[in-house]
Amino acid sequence: LSKRAFERLEGLQAGHPTIGDVRGLGLMIGVELVSDPEARTPDAEAMSFISRFGLEHELIVIPCGPDGNIIRFIPPLSATVEDLDQAIDVVDQALSAYEAG
């Protein structure tokens with residue numbers, strides 16, 4: 001599951017300028033949200049938007065980090081590949097909606 005999560009999240013990073021970095025170990029993953037990919041300026045507003053979007057789509061998205069701009073991605077160990085993909089799909093949709101303005 002970890003390999004799948006990193007592949008999917010790094011794929012999102014390539015397609016969404018709001019993602020500054022994807023890092024972690026195993027299924028404990030942080031997805032950094034930025035307003036300027038070059039300067040990696042923290043974007044807490046994006047985090048707030050994605051949290052609200054997630055709740056509307058039955059996904060709890062928890063912020064972390066000193067600037068509140070990192071998605072704390074820690075699925076339960078009982079999560080299936082389908083659960084994982086569904087959660088990442090919601091994050092993808094949220095990022096697309098946020099970036100569309």
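Begin by selecting Leu 9, Ile 29, Leu 33, Ile 71 and Phe 73: within the largest nonpolar core, which has 26 residues, these touch the most other members. The model on display is a predicted one.

Next, colour the elements that give two or more residues to this core: the helices α1 (2-15), α2 (44-56) and α3 (81-100), together with the strands β1 (19-25), β2 (28-36) and β5 (70-73). The largest contribution comes from α3, which supplies eight residues.

Now centre the view on Phe 73 and display its surroundings. Leaving aside residues up to four places away in sequence, Phe 73 touches Ala 5 and Leu 9, then Leu 27, Met 28 and Ile 29, and finally Leu 84, Ala 87 and Ile 88.

From Met 28, proceed to the strand pair. β1 and β2 run antiparallel and are joined by six bridges. Select Leu 25 to find one such pairing: its bridge partner in β2 is Met 28. Two residues lie between the strands of this hairpin, where Gly 26 adopts a positive phi near 65°.

Finally, show α2 and α3 alone. Their axes lie 9 Å apart, and the helices pack at an angle of about 125°. Since that angle is neither over 145 degrees nor within 65 to 115, α2 and α3 are therefore oblique to each other. Their crossing is right-handed. To inspect the contact itself, select Glu 45, Ala 46, Phe 49, Ile 50, Phe 53 and Gly 54 on the α2 side; these meet Val 90, Gln 93, Ala 94, Leu 95, Ala 97 and Tyr 98 in α3.

How values were computed
Residues numbered from 1 in each chain as written. Predicted model: local features only at pLDDT ≥ 70, side-chain atom pairs only at ≥ 80, totals over all residues. Heavy atoms only, no water. Core = buried A, V, L, I, M, F, W, Y, C linked by side-chain atoms within 4.5 Å. Buried < 20%, exposed > 50% of the residue type's maximum accessible area, 1.4 Å probe, protein only. Helix = DSSP H or I, 4+ residues; strand = E, 2+ residues; numbered from the N terminus. Contact = heavy atoms within 4.5 Å. Pairing = 2+ DSSP bridges. Axes fitted to C-alpha atoms, helices over the stretch in contact; angles between N-to-C directions. Parallel < 35°, antiparallel > 145°, perpendicular 65-115°, else oblique. Left-handed = near helix turned anticlockwise from the far one by under 90°.
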